[in-house]
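Visitor: I'm new to this structure. Could you take me through one part of it closely, and then show me what surrounds it?

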Amino acid sequence: MKQFTVTGMTCAACSARVEKAVKGVSGVTECAVSLLTNSMGVEGTASDGDIIAAVEKAGYGASLKGAQKTAPQSDDALRDTETPRLKKRLIASLGFLILLMYISMGHSMWGFPVPAFLQSPVALGLMQLLLAAVVMVINQKFFISGVKGLWNRSPNMDTLVAMGSMASFLYSVCMLFVMIHADAASQHQYLHEFYFEGAAMILTLITVGKMLEARSKGKTTDALKSLMKLSPRTATVIRNGEEVVLPTEDVQKDDLFSVRPGESIPVDGVVVEGESAVNESALTGESIPADKAPGDHVSAATINQSGRLLCRATRVGEDTTLSQIIKMVQDAAATKAPIAKVADRVSGVFVPVVIGIAAVTLIVWLLAGRPFGFALARAISVLVISCPCALGLATPVAIMVGSGMGAKNGVLFKTAASLEMTGRADIVALDKTGTVTKGEPRVTDVVCAEGIAQDELMHLACTLEKNSEHPLARAVLRWAQEAGASPAPVTAFAALPGNGLTAKFENRTLLGGSLDFIRSRCTVPETMEKQAHAFSLQGKTPLLFARDDQLLGVIAVADTLKEDSPEAIRQLKNMGVRTVMLTGDNERTAKAITQMAGVDEVIAGVKPEGKESVIRQLKQQGRVIMVGDGINDAPALTQADIGMAIGAGTDVAIDAADVVLMNSSLMDVPAAIRLGRRTLRSIHQNLFWAFCYNTLGIPLAAGAFIAWLGWEMNPMFGAAAMSLSSFCVVTNALRLNFVNIRSPKHDHKIKPHHHQKIKEAKPMTKELKIEGMMCMHCEARVKKTLEKIDGVTEAIVSHEKGNAVVTLSKDVPGDVLKAAVEDQDYKVLSVN
């Protein structure tokens, strides 16, 4: 999507006009204009020149946004320059308005003293005309913009203000000329026909509202600006063996740079030398520093807290993680949420309709026999009280604040639609490995045989497993090393595929492997067999170890739950969100994880294509979020209403995902939903206020309630109400800045859906009896091999049952299946 900067827009009608003009350009497929950020995103094949020409023809200015070399440079683009300008205008306007009000109301109504040269009615009238004209010149922008919009047949809010103020001024000028030609005795009565103070007051009050609105809008990008300020302006780069301080934008890829304790890391890189703790809270929201050692990745804008680091630059300029985050938040602000479409349609026709209502109001009151001054006041009130800005800002300000809050907490929304849809989610589908679990085998339980100490079992187990490349062996070694044990050298090491390991140590034979393997070599007590079976039922892989014919003990290995997964799932359930876990593991392992994690439903034995099919079926039951690693789960992430890539802190630009969670913590999922819900609530409140304000305010200003209730609105009060309406909308959205998205204190359940278990038709299957599988990794190996065969849609493998059930889309000969498995060093006993 190409990004453009648009100038000259003052209200929602302006943005609607620009959007309509650009969508009319040949080759434009999509266009979204943001009044909040004065930006426009365009997709399609149209040239930049044609797009800019269309905007200029509509009466506005446009330019292509230049590529930002570094994040800090883009901070200038968000600096609030409008508020100081409006403040100067307001101060000048107030000075002359106070003088005007003193003369027009203070002297005429309460007898305040005035200089001798202002004693005559004509002099008072001329002074009021002069002061009002000065205020109008100070606020000439309203008239320039309003007339330009009218000339280009795209009237905007400034058109309404200019028409209201100018009508008051011209009517007063006419009354002044009538007064000049009237006899001296009757001139005083014409002073009450003047609306000079109304013309000036309207402009001043609207300027007050504009300044408050600009100030509040500036605060909506505070989160983004704080991110931009994080990256240091300079970097200490190693050139010719010496440290040289350079601007951050001059750092090149593969440059070596040094970071001392307390300094911010200037660009993304890899640690080459040194160890330290790095505070990554600015990017991930995680307050606990991450330990960094050679080979670890570091990101720009994170803070080195302890030791000196020497790093090699891998991503610089706009490619750094920080720059990608900033771009993502800006892109989200430049897109429109579906909920904003109704307000946009209304804003597009709002101003012409209001002008029509004002004209009808004037005519009706004149036909009713009221004086022209009274009828004009009602028409002016209609013009100045109506506020298309409140409608136009209702959604984008909430989206900007919401997406900025997400970025501060490590939750990145790519579009406004993804933020809205996240808040509406009914179902969360979770990939198991790396999302609910840690994604790597860990030792979970140790049971020693009688007379064997745990330290002895640990030493002998890691000594045997040292020479094995099996993932389970690495888990045992890691466990032993963390406990301070070190393996000893062995001889005659042999790995028996699918069975176990054997080696000579101190002239004795060490054995390790599955229950069946150990049982064939030595006696296994009944209690230990039961313990091994219990571990299997819990989804763990029991590894038995023996020395000669003596059993040493059982070590259980499993892919363990992340510490915060159960709490995250509990919070999701408390929010009324249904949780479904999708995994390629066998059903027993999946169900064991389910019981520990607490998910509502598990669907086991599903490969990536199968996950996509399951998501499609879940979407029939509600709006679905799919949470995965963004790579293996790409088909499912794309198919879901919202795809969330978890643990993607070093690669935030995952195409398949709509939302990127910088941490590897599942707790960010309920946090994202919580933020989405609060943003939606803010949008609903803003739209309700904007629609109610205009629905009630316009009839009140037109005098619809005068006959029944006697309510009559002065144009000045109408202008005051208009100036505050947009301010109220923006201020309400700013309350999102105070939301703690990680606190479940205010969670509430959404309306429950009547969920049904997913039922799948039973296709053609074949069962293979296989000998030699001993763990879940053997299962994965066989599964992967079978699913590569053309015609095999899915394979469910169990090393406990010693079988593989293959689902076929067409008939596949048993010999083909058998040959594929036996090529992996497993024996196929039969194919049925």
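**Strands, helices and rings**

Guide: Let's begin with strand 2 (residues 28-34), which runs antiparallel to strand 3 and is joined to it by six bridges. This is a predicted model, in which local features need pLDDT of at least 70 and side-chain atom pairs count only at pLDDT 80 or more, while totals for chains, interfaces and linings use all residues. Residues are numbered from 1 along each chain as its sequence is written, and side-chain values use heavy atoms, leaving out hydrogens and water.

Helices (H or I, at least four residues) and strands (E, at least two) are DSSP runs, numbered from the N terminus; two strands pair if DSSP finds at least two bridges between them. Strand 3 (residues 39-44) also pairs with strand 1 (residues 2-7), in the antiparallel sense and over four bridges. One residue of strand 3 links both pairings: V42 is the bridge partner of C31 and also of K2. Strands of a sheet pair through backbone hydrogen bonds, either parallel or antiparallel.

Further along is an open sheet of six strands with antiparallel pairing, in the order 6-5-7-13-8-11. At its edges are strand 6 (242-247) and strand 11 (297-298), each pairing on one side only. Inside that order, four bridges hold strand 7 (residues 256-259) and strand 13 (residues 309-315) in an antiparallel pairing, with S258 opposite L310 of strand 13.

Now for the rings. The structure holds three aromatic pairs (rings of Phe, Tyr and Trp, the last by its six-membered ring, with centres within 6.5 Å; planes under 30 degrees apart are stacked, over 60 edge-to-face, and the rest tilted). One of them is edge-to-face, because the rings of F169 and F196 have centres 5.6 Å apart and planes at 70°. F169 belongs to helix 6 (residues 157-180) and F196 to helix 7 (residues 196-220), so this pair ties together parts 27 residues apart in sequence. Both F169 and F196 are buried (under 20% relative accessible area, with exposed over 50% and partly exposed in between, using a 1.4 Å probe and protein chains only).

Helix 6 takes part in another pair: the rings of Y171 and F372 have centres 5.4 Å apart and planes at 40°, so they count as tilted. F372 lies in helix 12 (residues 372-385), so that pair ties together parts 201 residues apart in sequence. Y171 is buried, at a relative accessible area of 9%, whereas F372 is partly exposed, at 41%.

Helix 28 (residues 776-787) has twelve residues, so at 1.5 Å a residue it should span 16 Å, and its end C-alpha atoms are indeed 16 Å apart (the expected span is 1.5 Å times one less than the number of residues). Its buried residues include M776, V782 and L786. They pack against several elements, among them helix 22 (587-597) and strand 28 (792-798). Helix 22 has buried residues too, including A590 and I593, and just after this helix G598 takes a positive phi of about 90°.

How far can you trust the picture? The protein chain averages a pLDDT of 81, with 86% of residues scoring at least 70 (pLDDT is the predictor's confidence in each residue, from 0 to 100). Confidence is highest in strand 7, at 94, and lowest in helix 8 (residues 222-228), at a mean of 64. Where pLDDT is low, the predicted coordinates should not be read in detail.

Methods:
Contact means heavy atoms within 4.5 Å.
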